[in-house]
Amino acid sequence: MINTFQLLCLMAFVSQSINIENNQKFLEPDTKKVYHIRLQEKETKVYDKQSFYKLVAIHQNKLKDSSFVQISKQGPQYMRMHNYKNIQYTADIGIGTADNTFKVVLDTGSANLWIDSNRCQEEGCLRHKQYKHEDSESFISLNQELNVEFGSGNLKGIVNADTIYFGDVTLPRQNLAEIISENGSIFRDLDFDGILGLAYPKMAPIDFNPVFDNMMKQNVLERNQFAFYFAKDANDISHSEFTMGGYNPSHVDGDIHYHNVIDKYYWMIKADNILVDNKDIGLCNHSCRLVVDTGSSIMSGPFDDLRILLRELNVRSHCHEINTLPIITFQIDNIDYTLEPHEYIKPTNFDGAQLPELNDGDDLQTLIEVNNWDCIAAFIPLDIQQPQGPAWILGDIFLRKYYSIFDRDKDQVGFAKAKK
C-alpha cells in the first residue's frame, strides 16, 4: 500500500565510479565487502531553519489547545512530517549510467526510491536535476501509479525500473518512482533530487522492490547491515559517513548494544521506559515503541505523552538557565540512552534576526542570553495509530550522539556512543 512518512532528514550514498563532488569521497571496500561512504553535508539557508523551529514551537503551543487536530494516519496510510533541515546530508547514486548521478536522501523511515523526473514541470521539480528515462537504455516501463501524502505536501509518481549504481554495486531492474507532481515547500527549497528509503519492504507498495532488499537478493554484501555516523559540528562537512555491509568501528566509543526489531515495517524497537531526571512521569507505562528514523531531524512523541513531557520540562521558563533542565533517558533492554539539555534544546526567535549554526562545544546558554533568544525542545507531536503506533521517533537529535547500526540479518538495531 501507499506509505506515508515521519519527519525527513537528509542522508545519502555515493558511487565508486561516479564524479565525486567537493568533499565527498568514496573509500575503497575492504575484502569483506564493507563499504564506508562519506556523506556530503550542506547548510541550508537561515530562513529555512528559522521556519522549521517556528513550526516546532507552534505545534508545541497547540498541545495546549484541545481543538488541535492530531497528526495521524487513516487506514493503511501513515502520515509523515518533513522537517526544514538546518544541516542536510546527501550523496550520489547513478541511474541508467554510473555517471548520471542524483543527490538522494537515505531514510530509514520510508521504503520507496523517489527520483525527480522531467515529466514534472512544477517549480520544485525544475529546481533540481531531473531524471530522463528516455535517455536510458536500461529503462523498463512498468507504468504503476504511486501517490504519497506528507505533513508538508505530497508526491505523485509513476513506478518504473532502471539500473541503479549504488556504491560499488550495480542493481539492474531497480524499481523507482518518477516524480511527476509535487506539492510542498520542502521539495522546492531543499537541495536533493530524490529519496532512497531503507525501511522494511512491508512499508513499500506490493511488488515494489526496495533498494536494500534488491542488494540482499543479489548477496553482494558480507553482512546485510548498514550504519550511520553523523558529525556533531554543523561546520564539519567531511566526516559524516554511511557504511553498508557492516559498520565502522572507528566511530564507536565503547560497547555496542543491539535491540530486536519488534515490527518489521519501521525500524521499531521497544523501550522499557522514558525517564525525566530518572523519574517515571508516565511517558511509557513501562513499555513503549520507538522508531529509529534517519529521516527525522528532530524527535517526536504521541500527542498526549508529549504534552506531559513538555509540561515537565517547562522549557520556556528555563531559556536563561538551560543547564538546570532535566536529562531525558530512554531505557532500552536495561541500557540507558540519555539526552542532555544542550542536546535537545534549540534556540529560536521570531524577529527576523539570523540564527547561526551551532557547533559542537558551543555554549548554548550563553548564545541564548547574549542574543535574547527564546528556546524550544526539539520535539514535535506526531500520533502514529495502530498497528504501528503509538510510537516515539528517535531522530537525528538522538542519532548524532549514538552511532546506529541497522541489521537485516538479525533484525536488530545497534547503538553505541559515537566517537568524535
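1. Start with D293. Its relative accessibility is 0%, so D293 counts as buried; the cut-off for that label is under 20%. The model is a predicted one. D293 is not part of a strand here: D293 sits in the loop that runs between β17 (288-292) and β18 (299-301). The side chain of D293 reaches a backbone atom, the nitrogen of G109, at 3.1 Å.

2. D107 is the other residue to look at. D107 belongs to strand β4, residues 101-107. D107 also has 0% relative accessibility and therefore counts as buried. Its contact runs from side chain to side chain: D107 makes a polar contact with S110 at 2.8 Å.

3. Why take D107 and D293 together? UniProt, in an unreviewed entry, places the feature "active site" at D107 and D293. They span 187 residues in sequence, yet their C-alpha atoms are no more than 6.9 Å apart, so they gather at one spot. The label comes from the UniProt record, and such annotations may be inferred rather than shown by experiment.

4. Next, the strands around β14. Strand β14 covers residues 267-271, and four of its five residues are buried, so β14 is largely enclosed by the rest of the structure. Strand β13 (residues 263-264) pairs with β14 in the antiparallel sense over two bridges. A hairpin of two residues joins β13 to β14. Within this pairing, K264 has W267 as its bridge partner in β14.

5. β14 has a further pairing, with β17. That one is antiparallel too, over four bridges. Here I269 stands opposite L290 in β17. The loop that holds D293 lies between β17 and β18, so follow β17 along the chain to return to point 1.

6. Now an open sheet. It has six strands, in the order β1-β11-β10-β25-β26-β12, with antiparallel pairing. β1 (35-38) and β12 (252-260) are the edge strands, each pairing on one side only. From one strand to the next, the twist averages 20°. Strands of a sheet pair through backbone hydrogen bonds.

7. Look at one edge of that sheet in detail. β1 pairs with strand β11 (residues 241-244) in the antiparallel sense, over four bridges. Y35 has M244 as its bridge partner in β11.

8. Aromatic rings deserve a point of their own. The count comes to 19 aromatic pairs. One of the pairs is F379 with W392: edge-to-face, 6.5 Å centre to centre, with 90° between the planes. This pair links distant parts of the chain, with F379 in strand β23 (residues 379-381) and W392 in strand β24 (residues 391-394), 13 residues apart. F379 is buried, at a relative accessible area of 0%. W392 is buried as well, at 2%.

9. Which residues do ring pairs link into a cluster? They are Y200, F212, F226, F228, F230, F242, W267 and F406. W267 has appeared already, as the bridge partner of K264 in β14.

10. A last ring to inspect is F102. K129 lies over the face of F102, at 4.6 Å from the ring centre.

Technical notes: Residues are numbered from 1 along each chain as its sequence is written. This is a predicted model: local features need pLDDT of at least 70, side-chain atom pairs count only at pLDDT 80 or more; totals for chains, interfaces and linings use all residues. Side-chain values use heavy atoms; hydrogens and water are left out. Buried means under 20% relative accessible area, exposed over 50%, partly exposed in between (1.4 Å probe, protein chains only). A polar contact is a pair of N or O atoms within 3.5 Å; within protein, one must be able to donate a hydrogen and the other to accept it, and residues adjacent in sequence count only if both atoms are side-chain atoms. Rings of Phe, Tyr and Trp (its six-membered ring) pair if their centres lie within 6.5 Å; planes under 30 degrees apart count as stacked, over 60 as edge-to-face and the rest as tilted. A charge sits over a ring if NZ of Lys or CZ of Arg is within 6 Å of the ring centre and within 35 degrees of the ring normal. Two strands pair if DSSP finds at least two bridges between them. Axes are lines fitted to C-alpha atoms, for helices over the stretch in contact, and angles run from 0 to 180 degrees between N-to-C directions.
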